[in-house]
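Reader: I would like to go through this model with you and ask why each label was given. Could you set the values against the cut-offs as we go?

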Amino acid sequence: MGQILARSLTSGRLRLAASLLATSLLAASLFATPALAQTGEGLSPTLSAIKTAHTVRLGYRESSPPFSFLDQSGRPIGYSLELCEAIVEEIGVEVDDPNLKIDYVKVTSDGRIDAVLQNKIDLECGSTTANAERGKRVAFSPLMFVAGTKLMVAKASTVQSLVDLKGKTIVVTRGTTNEQAIQAADKKSALGLNIVAGTDHEQSYQMLADGKADAFATDDILLFGLIARHKAQDKFRVTGDYLSYDPYGIMFRKGEPQLSAVVERAFRKLGSNRDLVPLYNKWFTARLPTGERLNVPISLQLEEAFKAMDDSASANN
């Protein structure tokens with residue numbers, strides 16, 4: 001399963017597209033319009049508010065393993081959250097407060113962007129696609145993962161691709177790029193799909209499990225994560241061509257170059273300390289704290305993106 005995913009994500013087309021998009025998004029984050037003036041002690045609005053509150057608010061998802069989910073005790077954990085916690089450390093350096101507290105705030109796919117825009121959270125640490133449309137409203141970190149829309153179907157299902165679902169019911173999670181991808185494909189191919197939406201990935205999964213849908217469409221890595229979490233390898237499988245291209249990033253408020261610089265600096269420190277690949281392996285190839293193992297090796301594209309974050313002298317020799 002992991003080898004198939006890795007091979008698929010390293011095609012020349014995806015590598016080129018990802019490279020161009022990651023570069024453009026990073027440039028947009030770093031050189032975002034400085035319309036928001038620096039406030040108190042030379043800090044941007046978000047950093048100033050964090051310094052005043054001594055707290056950083058991290059938005060998390062309940063059911064997006066291995067990026068952001070709950071452990072057996074109900075504590076938010078995941079790959080994205082660890083990246084956000086590294087950013088929090090760098091924020092502490094920037095605002096001269098090494099003892100910043102973290103407030104974990106639950107967000108949903110449908111409300112995560114508004115949570116950033118409405119100042120309910122400072123960083124969104126989930127499985128969010130960094131695309132050009134969203135880049136008009138919010139900023140993103142450097143590339144942290146690449147995924148794409150696929151289908152989860154019952155093991156015994158004859159469905160191999162989206163066209164096999166003509167006239168049938170497919171569930172998506174509300175507010176996701178996957179929802180848009182399915183709607184566009186349905187319109188283009190006149191499939192007559194009955195598209196229903198769950199409030200989060202767990203609810204969407206449950207609708208498929210309960211027989212209320214013939215397929216569940218979301219990012220392939222999230223489908224693998226849900227199958228592993230539910231120990232449902234004998235019940236469901238992931239199938240179909242990629243229906244979208246989804247590069248992930250940590251989301252935060254746009255228009256604050258100082259905050260963008262802090263986020264990138266955190267990634268570059270992780271890259272220069274050779275921490276990014278081990279962190280990836282912790283969540284995608286090793287056994288998760290909740291007991292599952294995804295066995296999804298890092299793609300060549302993501303590995304190259306991580307190498308680009310390495311500012312150490314040896315990396316430039």
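Author: Gladly, and let us start with a charged pair in this predicted model. The side chains of R137 and D114 meet in a salt bridge, with 3.6 Å from N to O. R137 sits in the loop between α6 (132–135) and β7 (138–140), while D114 belongs to helix α5 (residues 112–117), so the pair ties together parts that are 23 residues apart in sequence.

Reader: Why is the contact of R137 and D114 called a salt bridge?

Author: The rule asks for a side-chain nitrogen of Lys or Arg within 4 Å of a carboxyl oxygen of Asp or Glu. R137 and D114 are 3.6 Å apart, N to O, so the pair meets that rule. By this rule the count comes to 13 salt bridges.

Reader: What makes R137 and D114 partly exposed?

Author: Partly exposed covers the range between the buried limit of 20% and the exposed limit of 50%. R137 has 41% relative accessibility and D114 has 33%, so both take that label.

Reader: How do you know that the salt bridge of K282 and E82 links distant parts of the chain?

Author: K282 is in helix α11 (residues 276–284) and E82 in helix α4 (residues 79–94), 200 residues apart. Their side chains meet at 2.4 Å, N to O, so the 4 Å rule is satisfied here too. K282 is partly exposed at 40% relative accessible area, and E82 is partly exposed at 24%.

Reader: Which residues form a network of salt bridges?

Author: The network links E90, E94, R265 and K269. One of its pairs is E94 with R265, at 2.6 Å from N to O. E94 lies in helix α4 and R265 in helix α10 (residues 257–272), so this pair ties together parts that are 171 residues apart in sequence. Relative accessible area is 27% for E94 and 30% for R265, which means that both are partly exposed.

Reader: Let us turn to the rings. Why is the pair of F67 and F284 called edge-to-face?

Author: Two cut-offs matter: ring centres within 6.5 Å make a pair, and planes over 60 degrees apart make it edge-to-face. For F67 and F284 the centres are 5.4 Å apart and the planes are at 70°, so the pair is edge-to-face. F67 lies in the loop between β2 (63–64) and β3 (68–70) and F284 in helix α11, so the pair ties together parts that are 217 residues apart in sequence.

Reader: What makes the pair of F145 and F284 stacked?

Author: Stacked needs planes under 30 degrees apart. F145 and F284 have 10° between the planes and 5.1 Å from centre to centre, so they fit the label. F145 lies in strand β8 (residues 145–147). Ring pairs link F67, Y79, F145, Y248, Y280 and F284 into a cluster.

Reader: Are F67, F284 and F145 buried or exposed?

Author: Buried means under 20%. F67 has 0% relative accessibility, F284 has 0% and F145 has 2%, so these three count as buried.

Reader: Which members of the largest nonpolar core touch the most other members?

Author: They are Y79, I91, L123, F145 and I221, out of 52 residues in that core. Its largest share, eight residues, comes from α4. A second, separate core of 13 residues includes L151, I170, A215 and A217.

Reader: Why is T173 called buried, and which side chain makes a polar contact with the side chain of T173?

Author: T173, in strand β10 (residues 169–173), has a relative accessible area of 1%, under the 20% limit, so it is buried. Its polar partner is the side chain of H201, at 2.9 Å; that is within the 3.5 Å cut-off for polar contacts.

Reader: Where should I be careful about the confidence?

Author: Over residues 1–39 the pLDDT is below 50. Where pLDDT is low, the predicted coordinates should not be read in detail. The protein chain averages a pLDDT of 89, and 85% of the residues score at least 70.

How values were computed:
Residues numbered from 1 in each chain as written. Predicted model: local features only at pLDDT ≥ 70, side-chain atom pairs only at ≥ 80, totals over all residues. Heavy atoms only, no water. pLDDT = per-residue confidence, 0-100. Contact = heavy atoms within 4.5 Å. Helix = DSSP H or I, 4+ residues; strand = E, 2+ residues; numbered from the N terminus. Buried < 20%, exposed > 50% of the residue type's maximum accessible area, 1.4 Å probe, protein only. Polar contact = N/O pair within 3.5 Å; in protein donor to acceptor, adjacent residues only side chain to side chain. Core = buried A, V, L, I, M, F, W, Y, C linked by side-chain atoms within 4.5 Å. Phe/Tyr/Trp six-rings, centres within 6.5 Å; stacked < 30°, edge-to-face > 60°.
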